[in-house]
Amino acid sequence: MKVMIHKILALLMAFFMLVSTVSWTVEKHFCFGSLVDIAFFHEADTCGMERPLSKDNVALNKDSNSCCSDEIISVQGQDELSISYDDLSLGQQYLLVAITSYYLNLFQPREQRYVPHADYPPPILVKDIHVLDQVFLI
């Protein structure tokens, strides 16, 4: 259960990182007050009723009786993701060093007791002498 929670939280944090760093743009094209097209990340398709360009390739004024309108919603993503150690206050630096040293000391190997006879196998018992002699420790 604990492993599954860790995986879900890791995916959730990766998703939030992706959403916060990507710039989002939503374009909407309206024609006669009704929505014609919505586009994410690129320009919206038009209805084909835009005003033509003049001979000088300059668009006419859109405010003069234009039936089409565009709405653009843009959200800028985060550019800086790394935090410098110098940006932290002195108290935050002390806390970071203390937590890091405590966390690293958790994974130090524990001392094992020395067992002098660990490499020697016990003798093979042919007969159980305690039972044969009927001598038992009480």
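## An acidic surface patch

Asp86 sits in the loop between β3 (68–75) and α2 (90–106). Helices here are DSSP runs of H or I with at least four residues, strands are runs of E with at least two, and both are numbered from the N terminus. The model is predicted: local features need pLDDT of at least 70, side-chain atom pairs count only at pLDDT 80 or more, and totals for chains, interfaces and linings use all residues. Residues are numbered from 1 along each chain as its sequence is written, and side-chain values use heavy atoms, without hydrogens and water.

Asp86 is exposed, at 65% relative accessible area. The cut-offs are under 20% for buried, over 50% for exposed and partly exposed in between (1.4 Å probe, protein chains only). Asp86 joins Asp79, Glu80 and Asp87 in a surface patch of negative charge. Patch residues have over 30% relative accessible area and no salt bridge, with like charges joined within 9 Å. A salt bridge needs a Lys or Arg side-chain nitrogen within 4 Å of an Asp or Glu carboxyl oxygen.

## Fold and burial

The protein has 3 helices and 3 strands. From the N terminus, the order is α-β-β-β-α-α. Of the 138 residues, 8% are buried.

## One aromatic pair

The whole structure yields 1 aromatic pair. Phe15 and Phe16 form this tilted pair, 6.0 Å centre to centre with 50 degrees between the planes. Rings pair if their centres lie within 6.5 Å; planes under 30 degrees apart are stacked, over 60 edge-to-face, and the rest tilted.

Both partners are partly exposed: Phe15 has a relative accessible area of 47%, and Phe16 stands at 49%.

Conventions. Patches are made of residues with over 30% relative accessible area and no salt bridge: like charges are joined within 9 Å, nonpolar side chains (Val, Leu, Ile, Met, Phe, Trp, Tyr) within 5 Å. Accessible areas come from the Shrake-Rupley method with a 1.4 Å probe; for residues, only the protein chains shown count as cover. Lys and Arg count as positive and Asp and Glu as negative; His and the chain ends are not counted. The place of a charge is taken as NZ of Lys, CZ of Arg, CG of Asp or CD of Glu.
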